[in-house]
Amino acid sequence: MASVQDINPQCSNPENEVAKNEKEQTETLSKRQRKRLIKNQQWEEQRELRKQKRKERKQQRKLERQAQAEDGVEWTGKKRMHRSAEPSSLRLVIDCSFDSFMVLKDVKKLHKQIQRCYAENRRTQHPVQFYLTSHRGQLKQIMDEINKGWVNWKDVHIKTDPFHEIMSKEDLVYLTSDSPNVLQELDEAKAYVIGGLVDHNHHKGVTFDLAKKLGIAHAQLPLGSFVKMNSRKVLAVNHVFEIILAFLEKRDWKEAFFTVLPQRKGAMPMELGQCNNEEEDSDQDSEINSVVSEKRTEQTGSKQVEKKPLQTHSDCSEQNAS
């Protein structure tokens, strides 16, 4: 009796059919798809190797932790290790009472800056007593929606009340770029207030006016004494916060500024003899830019108008984030 394959020669082994189909599918794939297929196959083949490497790295970290423990260094997590922190008694406050001055996009930016402040204070050598005051409105709503974990933040005092109702007015110093007072030293018995405002300089002077209205001390960071910047001189909330942290560690304003300020702002050391009067420079610039001298050339005999930009004092004034 004839077999099934003899009766129907098209029938074949199922395994051969599968292999044939896979080959046909591979041939119909594009070059990019074939590369992706090969990459996935290699990934699966190396699964055990990756698993072994993870075990080795885990063992290596364990040995490092043991060695650090023997040297007296505290292990504080998978990403970093540092010696035991020495908390500062200085209070650093972010005043979040400017909710109505900002559009939703800027409130979200402020939220990110606050997150950065919290993270930096957690990892610094001398963490400050961190306060968020007037925490309500749009900011609280965004934090509830985007970052629900804020309720579990450690080492931060989050208050719905304004800062001047929580702390003594004699202890308060509002950091604002509009203040005529330049901060030289930090008093760790004081509470320094940073305006939680992202406004792109639309509300200039609002924090200074608030400080005067409340009758509290105010000052600006000595940025203009040490730094010349090519870009806008507005410092974000987290930049001011981090500069204070850096100064507590280094006790040097210049080093603190250049540790924190981003390269994109074009921060350069201030040279000797450069002034720090923005308004005076602006007036001089407007007058000088209007000066046009006429120069006669001997070769053509025609009158040639030439603009002669005179060198002016560098703009050195500080514009902190209000």
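In this predicted model, the side chains of Arg47 and Glu44 come together in a salt bridge, with 2.8 Å between nitrogen and oxygen. Side chains of opposite charge can pair when their charged atoms come close. Both partners are partly exposed, because the relative accessible area of Arg47 is 41% and Glu44 stands at 45% relative accessibility, and partly exposed covers the range between 20% and 50%. The pair of Arg47 and Glu44 belongs to a wider set, since a search of the whole structure finds eleven salt bridges.

A second example lies within a helix. Arg116 forms a salt bridge with Glu120, and here the closest N and O atoms are 3.3 Å apart. The two residues are four positions apart in helix α5, which spans residues 104-123, so about one helical turn separates Arg116 from Glu120. The surroundings of the two partners can be read from their accessibility: Arg116, with a relative accessible area of 42%, is partly exposed, whereas Glu120, with 17%, is buried, because buried means under 20% relative accessible area.

A third salt bridge brings together the side chains of Lys204 and Asp178, with 3.2 Å from N to O. This pair links distant parts of the chain, as its members are 26 residues apart: Lys204 sits in the loop between β5 (191-195) and α8 (206-214), while Asp178 sits in the loop between β4 (172-175) and β5. Lys204 counts as partly exposed, because its relative accessibility is 48%. Some salt bridges also share partners, and in this way Arg116, Glu120, Arg123 and Glu242 are joined into one network, which brings the reader back to the pair of Arg116 and Glu120 described above.

From side chains we can turn to the backbone, where two residues deserve a careful look. Asp155 is not a glycine, and yet its phi is positive, at about 60 degrees. Asp155 is placed in the loop between α6 (137-146) and β3 (156-158), and with 54% relative accessibility it counts as exposed, because exposed means over 50%.

Arg251 is likewise a residue other than glycine with a positive phi, near 60 degrees. It is found in the loop between α10 (237-250) and α11 (253-260), and because its relative accessibility is 42%, Arg251 counts as partly exposed.

Key. Residues are numbered from 1 along each chain as its sequence is written. This is a predicted model: local features need pLDDT of at least 70, side-chain atom pairs count only at pLDDT 80 or more; totals for chains, interfaces and linings use all residues. Side-chain values use heavy atoms; hydrogens and water are left out. Buried means under 20% relative accessible area, exposed over 50%, partly exposed in between (1.4 Å probe, protein chains only). A salt bridge is a side-chain nitrogen of Lys or Arg within 4 Å of a carboxyl oxygen of Asp or Glu.
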